Every structure is written in structure tokens, then in C-alpha cells.
Amino acid sequence: AAVRDGKAKAIGVSNYTEAHLDETFGYCAVPPAVNQIEMHPYNQQLALVRACQARGVQVEAYSPLAAGGLRLLQDSVLREIAAPRAATP
């Protein structure tokens, strides 16, 4: 209703699985434009990303640097990628 009434340009969802997307696309008048999901190098959710892409839903990552306890910024692979680019991981 908000998009149809001009009160919003688009709508989005958070933490929708492929099953949630299937259900939503089964009855929605306006499909979600974005699905915000936890995604980072240790949790890539590739199947869900592909499912979103197949439906034209943009994926937005939250927690892209992961939880502090994972020490993602200390990951040796990420440091190897960052080093020749004079970047910090």
C-alpha cells in the first residue's frame, strides 16, 4: 500500500530465507526490493544470495565485518588480500 500510494519508493525485508521469499512472492502485490541479511566472509549465504538475485531482490549485508569475537580483521587471508593494496582488512 505504501508504494502504491506513493508514500515509499520501495519496500524491503530482513532475514528472509528462500522459503520466506517463496511465500512472499506467492501473494505480494509489490515484491521486496531488498533483503537485508547477515553476510560476511565467514557467513556468505551463497544459496540465499542466488535466490534473491533470481527474484530481482537486492541483497544488503549487515554485520559485513562479522561479530568482534570472530576476529575477522585479523584473518590471515584477508590480510594477504589487503597487503598488496596498501589497505587494512
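Which residue forms a salt bridge with Asp22, and how far apart are the closest N and O atoms? Hold on to that one, everybody; I'll get there after the sheet and the core.

A word on the model. This is a predicted model, in which local features need pLDDT of at least 70 and side-chain atom pairs count only at pLDDT 80 or more, while totals for chains, interfaces and linings use all residues. Residues are numbered from 1 along each chain as its sequence is written, and side-chain values use heavy atoms, with hydrogens and water left out.

Let's start with the sheet. It is open, with three strands in the order 1-2-3 and parallel pairing. The edges are strand 1 (12-14) and strand 3 (58-62), each of which pairs on one side only. From one strand to the next, the twist averages 25 degrees. For the record, helices (H or I, at least four residues) and strands (E, at least two) are DSSP runs, numbered from the N terminus, and two strands pair if DSSP finds at least two bridges between them.

Now the details of that pairing. Strand 1 and strand 2 pair in the parallel sense over three bridges, with Gly12 opposite Val34 in strand 2. To get from strand 1 to strand 2, the chain goes through helix 1 (residues 18-27), and this β-α-β crossover is right-handed. By that I mean that, with the strands pointing away from the viewer, the path from the first strand over the helix to the second runs clockwise.

On the other side, strand 2 (residues 34-38) pairs with strand 3 in the parallel sense over five bridges. Here Gln36 stands opposite Glu60, and Ile37 stands opposite Ala61. Helix 2 (residues 46-55) packs on the sheet, touching strand 2 and strand 3, and its direction makes about 175 degrees with that of strand 2. Axes are lines fitted to C-alpha atoms, for helices over the stretch in contact, and angles run from 0 to 180 degrees between N-to-C directions. Strand 2, helix 2 and strand 3 also make a right-handed β-α-β unit.

What do the side chains do along strand 2? They alternate: Asn35 and Ile37 point to one face and are buried, while Val34, Gln36 and Glu38 point to the other and are not. Buried is under 20% relative accessible area, exposed is over 50%, and partly exposed is in between (1.4 Å probe, protein chains only).

Ile37 takes us to the largest nonpolar core, whose seven residues are Leu21, Ile37, Leu48, Val49, Cys52, Val57 and Val59. Helix 2 gives the largest share, three residues. Such a core is a set of buried Ala, Val, Leu, Ile, Met, Phe, Trp, Tyr and Cys residues joined through side-chain atoms within 4.5 Å. Leaving aside neighbours within four places in sequence, Cys52 is in contact (heavy atoms within 4.5 Å) with Leu21, Asn35, Val57 and Val59.

Back to my opening question. The partner of Asp22 is Arg55, with the closest N and O atoms 2.3 Å apart. That pair links Arg55 in helix 2 to Asp22 in helix 1, 33 residues apart. The rule is a side-chain nitrogen of Lys or Arg within 4 Å of a carboxyl oxygen of Asp or Glu, and the count comes to three salt bridges. Arg55 also meets Glu18 in a salt bridge (3.8 Å, N to O), so Glu18, Asp22 and Arg55 are linked in a network of salt bridges. Arg55 is partly exposed at 24% relative accessibility, and Asp22 is partly exposed at 42%. Thanks, everyone!
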